[in-house]
Amino acid sequence: MGYFVPDLPPDNPADIVRMPTFERIRYLATHWVDYGFGTAKKTHVGYTVKVLIYAILGITIATVTTGAGAPWGVADWWSEPIVYQKMVIFTVLWEMLGLGASSGPMAFRFSPRVGGHRYWLRSGTLRNPPWPGKVPFTKGGVRTEYDVALYASVILSLVVILVLPGVQSTSMAAVHPEATAGLLNPVLLWPLLVLAVVMGLRDKVTFLAMRAEQYLPAVVFFAALPFTDMIVACKLLMIVIWVGAGVSKFGHHFTKVVPVMMSNAPIMVSKTLKRKLYKNFPNDLRPSPRASGVAHILGTVVEIVAPLIMLFSTNHTITLFAVLLMVAFHITILLTFPVAVPLEWNAMFAFVAAFLFLGFPTWDGYAVSDISSPWLTAGIIAALCFFPVLGNLRPDLVSFLPSMRQYAGNWASAMWAFAPGAEKKLADKVLMSSPNQVDQLGAAYGYDLAEMLLQKAIAWRAMHTQGPAMLSALSRNLDDIDRYTLREGESMIANLVGWHFGDGHLFNELLLTEIQRRAQFEPGEVVVVWIESQPLHKNYLEYKVIDLGLGVIERGTYTVKDAREPQPWLPDGPIPMNITWTRSSTNESSLTVESR
């Protein structure tokens, strides 16, 4: 791989683009095994610099505004909990501005490289409320001046909290007298929490973008609990996030994620090692037993066992080993540069693992049993587990992010199919955060190369469990799949709502209805296949096919087994799917709005 030049397939991009759909998928999936996206090294260096800027700027603000010590004097501020508190607030601000996850070329965002604030500070853009039929004053799919003001108010609230010094805490002074910089003022935190919830009820995209499920519970603990309870509650929050993510990796979805992710990782320089993650390169690209071992031993087991050791261990050496294991775990994920690039999140969690579990260890009075009331302990655990449990049993009700299924491979997904000329119509009619990716790339590199790179995203999706199902449904519902231009749902939503994290709930039928209201596609111009996550207790997934000009045209289910067995290019044809409803069987003629 060159520093400036990406690793591209050897054939002419124009010839690749003209290949039949499934022949092209096979060609690009095979190339993916050795090179991933083939991203030039300068891109990874750019992201690394961005993470360093995030860390240096965050620590500088956290220390300078509190008097906790010089940013480089780690020994001075390491015992100051307000540094941890301000890093949480700074991370929320960083994500809210669009500077963290879902930024840059590895998140399908080429020019401009940031969505976030550039989109959410503009009225008339797309908005996606979570419960428009149930919560008053949240209906509609258009961002108003009120929504812009709400978003700006959340940003302002975060800035105010960051720049103001801490206040003294008697509960902290009683058990942790060496800390002299105080804690965040609870009076400042409640307005942030209220504004964030109101904003989220109007638009779930901005709420999820701030990684509310990860950080807002900590803010609640900062605002409401005395010091010892706050520290232990924050530990429990981390445990729920880690263990929830580990549990969500049970099953076959994550097994397929690992080889595809590692093939794209710049730290994996050996083609031989990459190919060993697949059963029989280049003819069988299903995960090998080695990939399964990496997924469920280095992934699932570590993510469940190490955090539990950190929470309950009273031995310094054992705790230190578990913390180092989790720090290495997050740094490894960071260095793979996964799609959506949640790099700052991994850096933050590596920091928090050490800060909370080594800085305030169990044997120093910060065990679960040290919370002031067992009823409070039970209430905190129940509150933290509510959405993960509900989201795994009823994924249609909860985004995979509050469900704690990040990077488990089990998420709502979509693939779009555009008839000739329809994609340009979308760009002309809908106010998006950035131009269509093919135009972003085409202006710089030529349209054949741009199209080839976007088709590689389709091959990437075909290597996961959702890909064969989506391609099967499209093959059955399009008159000729080779006539259509396919687009990965993640790349589409990056443009449409200003942020993405692999969650199909960001563009449900409510959002598609608003897009259709603006673009007025004819029947057959744009067809979207949409797949819900797999419930923990079922062996099948639900899907629907939506023609934007007609509405939902098909619903059905398919089993995970049938989706994980075929090759990405479906050499044996579409996978078996249980069609439970088709539009031809009813008089339904418009998009059915089912808020997620």
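What radius of gyration would a compact globule with 596 residues have, and what does the protein have? For this predicted model, the globule estimate is near 25 Å and the protein has 24 Å, so the two agree. The extent of the C-alpha trace along its principal axes is about 70 × 55 × 45 Å.

The fold is built with 25 helices and eight strands. Burial takes in 60% of the 596 residues. Among contacts with a separation of 6 or more, 74% join residues that are 24 or more positions apart. Turning to the surface, the accessible area of the protein amounts to about 22,000 Å², and carbon and sulfur atoms contribute 65% of this. As for charge, 47 side chains are positive and 44 are negative. The centres of these two sets lie 1 Å apart.

One residue invites a closer look, namely H31. This histidine sits in helix 2, the element that covers residues 21-35. Is H31 buried or exposed? Its relative accessibility is 9%, and because buried means under 20%, H31 counts as buried. Which residues does H31 touch, once those up to four places away in sequence are set aside? The partners are D7, L8 and P9, together with G36 and K456. Helix 2, with residues 21-35, thus holds a histidine that is buried at 9% relative accessibility and touches K456 as one of its partners.

Conventions
Residues numbered from 1 in each chain as written. Predicted model: local features only at pLDDT ≥ 70, side-chain atom pairs only at ≥ 80, totals over all residues. Heavy atoms only, no water. Helix = DSSP H or I, 4+ residues; strand = E, 2+ residues; numbered from the N terminus. Rg over C-alpha atoms; globule rule 2.2 N^0.38 Å. Buried < 20%, exposed > 50% of the residue type's maximum accessible area, 1.4 Å probe, protein only. Contact = heavy atoms within 4.5 Å. Areas by Shrake-Rupley, 256 points an atom, 1.4 Å probe, with all protein chains shown as cover. Lys, Arg positive; Asp, Glu negative; His and termini not counted. Charge placed at Lys NZ, Arg CZ, Asp CG, Glu CD.
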